Amino acid sequence: MGAARKSKQDLAEEIVGRLARRHSTAVVLFHHAVAERLGLGPTDHKCLDLLRERGAITGSELAAITGLTTGAITGVVARLEQAGYVRREADPHDGRKQILYPALERSPIQDVIEPLRKDVTALLENFDTGQLSAIAEFLAHSTDLIYRHAALLRAHNLYAANPREPLGQPLLQTRK
């Protein structure tokens with residue numbers, strides 16, 4: 001059955017049920033390979049990504065975003081600093097805190113992922129502006145939902161009497 005003949009509901013079920021999960025797995029495995037190529041662990045690599053995306057942050061903020069303990073973040077930061085990816089500076093307003101900064105203007109990660117970026121850019125040439133806008137909107141909104149649901153899962157796991165009980169209603173109601 002071609003994509004044109006599938007109903008909206010069938011397409012949505014295929015995206016949520018199979019394609020998004022398959023995409024997520026491929027992304028995780030790709031980033032494990034990138035981390036390995038750079039001599040980093042996957043957690044270290046993604047913490048560095050968060051730092052590059054969000055700018056200067058404290059270790060406590062990085063711990064809150066990732067759900068890692070502050071002790072685990074201390075290890076991550078030490079490894080990233082030793083590898084030359086991160087530098088620390090004392091917080092000018094609170095000497096007990098350190099602010100983390102990317103240490104390099106251009107990360108070697110860029111060179112490792114560049115072949116994939118080129119292939120994705122070539123793939124996107126097959127879509128018109130409207131389709132690209134829809135893809136961009138989907139990625140932006142689904143990423144926000146994933147961050148929210150990760151935070152909900154962490155909170156639920158910390159505070160629920162039974163962490164395996166269902167979370168309840170979805171965060172985003174469908175448009176009608």
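**Notes on the predicted model, starting from helix α5**

1. Helix α5 (residues 108–124) is the biggest contributor to the nonpolar patch, giving 4 residues. Helices here are DSSP runs of H or I with at least four residues, strands are runs of E with at least two, and both are numbered from the N terminus. A word on conventions: this is a predicted model, in which local features need pLDDT of at least 70 and side-chain atom pairs count only at pLDDT 80 or more, while totals for chains, interfaces and linings use all residues. Residues are numbered from 1 along each chain as its sequence is written, and side-chain values use heavy atoms, with hydrogens and water left out.

2. The patch itself covers about 440 Å² and is made by Leu116, Val120, Leu123, Leu124, Phe127 and Leu132. Patch members have over 30% relative accessible area and no salt bridge; nonpolar side chains (Val, Leu, Ile, Met, Phe, Trp, Tyr) are joined within 5 Å, like charges within 9 Å. The areas come from the Shrake-Rupley method with a 1.4 Å probe, and for residues only the protein chains shown count as cover. Phe127 sits in the loop between α5 and α6 (129–159). With a relative accessible area of 32%, Phe127 is partly exposed (buried is under 20%, exposed over 50%, partly exposed in between).

3. You may like the geometry of α5. Its 17 residues reach 24 Å from first C-alpha to last, close to the 24 Å expected at 1.5 Å a residue (the expected span being 1.5 Å times one less than the number of residues). There is also a kink of about 50 degrees at Glu114, shortly before the proline Pro115; the bend is the angle between axes fitted to the seven residues ending at a residue and the seven starting there.

4. Glu114 turns up again in a salt bridge with Arg117, at 3.7 Å from N to O (the cut-off is a side-chain nitrogen of Lys or Arg within 4 Å of a carboxyl oxygen of Asp or Glu). The two residues are 3 apart in α5, about one turn of the helix. Arg117 is partly exposed at 46% relative accessibility, and Glu114 is partly exposed too, at 28%.

5. The structure holds 8 salt bridges. One of them joins Arg18 to Glu14, with the closest N and O atoms 2.8 Å apart. Both residues lie in helix α1 (residues 8–38), 4 residues apart. Lys6 joins Glu14 and Arg18 in a network of salt bridges.

6. How are the strands ordered in the open sheet? The order is β1-β3-β2, with antiparallel pairing. β1 (57–58) and β2 (86–90) are at the edges with a single partner strand each, so one side of each has no neighbour in the sheet. Two strands pair if DSSP finds at least two bridges between them; β2 and β3 (residues 98–102) have 5.

7. Glu89 has Ile99 in β3 as its bridge partner. Glu89 also forms a salt bridge with Arg87, where the closest N and O atoms are 2.2 Å apart. Both are partly exposed: Arg87 has a relative accessible area of 35% and Glu89 is at 37%.

8. For the overall picture, the chain has 6 helices and 3 strands, following the pattern α-α-β-α-α-β-β-α-α along the sequence. Of its 176 residues, 19% count as buried.

Methods:
Buried < 20%, exposed > 50% of the residue type's maximum accessible area, 1.4 Å probe, protein only.
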